[in-house]
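Colleague: Could you take me through the salt bridges in this one? I'd like a close look at which side chains take part and where they sit.

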Amino acid sequence: MPTDLKSALAALDAHEPLSLLGLRETQWLDAKGGPYQLANPRSVEELAKDVAAFANVGGGLIVIGIATALSTTKRSWTTSSRSTRPQ
């Protein structure tokens, strides 16, 4: 299971997105169940906020197609429909 940004990127490069399941969202890791709807101004604002937040901490990873679920102790990735990574 990846423990940092570098190992999470390596898992995605190795076509192993399921290895991200169970991770908590962190300041460098964010999960989105579906793509940003860029025709919607609120969605564009959300994308801008997400990118700005990662820029402020030196980088991060937004994985689209993996949703999160909140348990009593943490928010973790639990399901996968498909994930994409910019080339």
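What follows is a walk through the salt bridges, one partner at a time.

Modeller: Sure. Keep in mind that this is a predicted model. The structure holds three salt bridges, and Lys32 is a good place to start. Lys32 is buried, with a relative accessible area of 16%, which falls under the 20% cut-off for that word.

Take Asp30 to begin with. Asp30 pairs with Lys32 in a salt bridge, and their closest N and O atoms are 3.5 Å apart. Both Asp30 and Lys32 are buried.

Next comes Glu46, whose side chain meets that of Lys32 in a salt bridge at 3.4 Å, N to O. Lys32 belongs to strand β1 (residues 29-32) while Glu46 lies in helix α2 (residues 41-56), so this pair ties together parts that are 14 residues apart in sequence. Glu46 itself is partly exposed, at a relative accessible area of 32%.

That leaves Asp50. Lys32 forms a salt bridge with Asp50 too, with the closest N and O atoms 3.2 Å apart. Because Lys32 lies in strand β1 and Asp50 in helix α2, the pair ties together parts that are 18 residues apart in sequence. Asp50 is buried, and so is Lys32.

Now put the pieces together: through salt bridges that share partners, Asp30, Lys32, Glu46 and Asp50 are joined into one network. If you want to find this in the viewer, go to Lys32 in strand β1 and look across to Glu46 in helix α2, then to Asp50 in that helix.

Note on methods. Residues are numbered from 1 along each chain as its sequence is written. This is a predicted model: local features need pLDDT of at least 70, side-chain atom pairs count only at pLDDT 80 or more; totals for chains, interfaces and linings use all residues. Side-chain values use heavy atoms; hydrogens and water are left out. A salt bridge is a side-chain nitrogen of Lys or Arg within 4 Å of a carboxyl oxygen of Asp or Glu. Buried means under 20% relative accessible area, exposed over 50%, partly exposed in between (1.4 Å probe, protein chains only). Helices (H or I, at least four residues) and strands (E, at least two) are DSSP runs, numbered from the N terminus.
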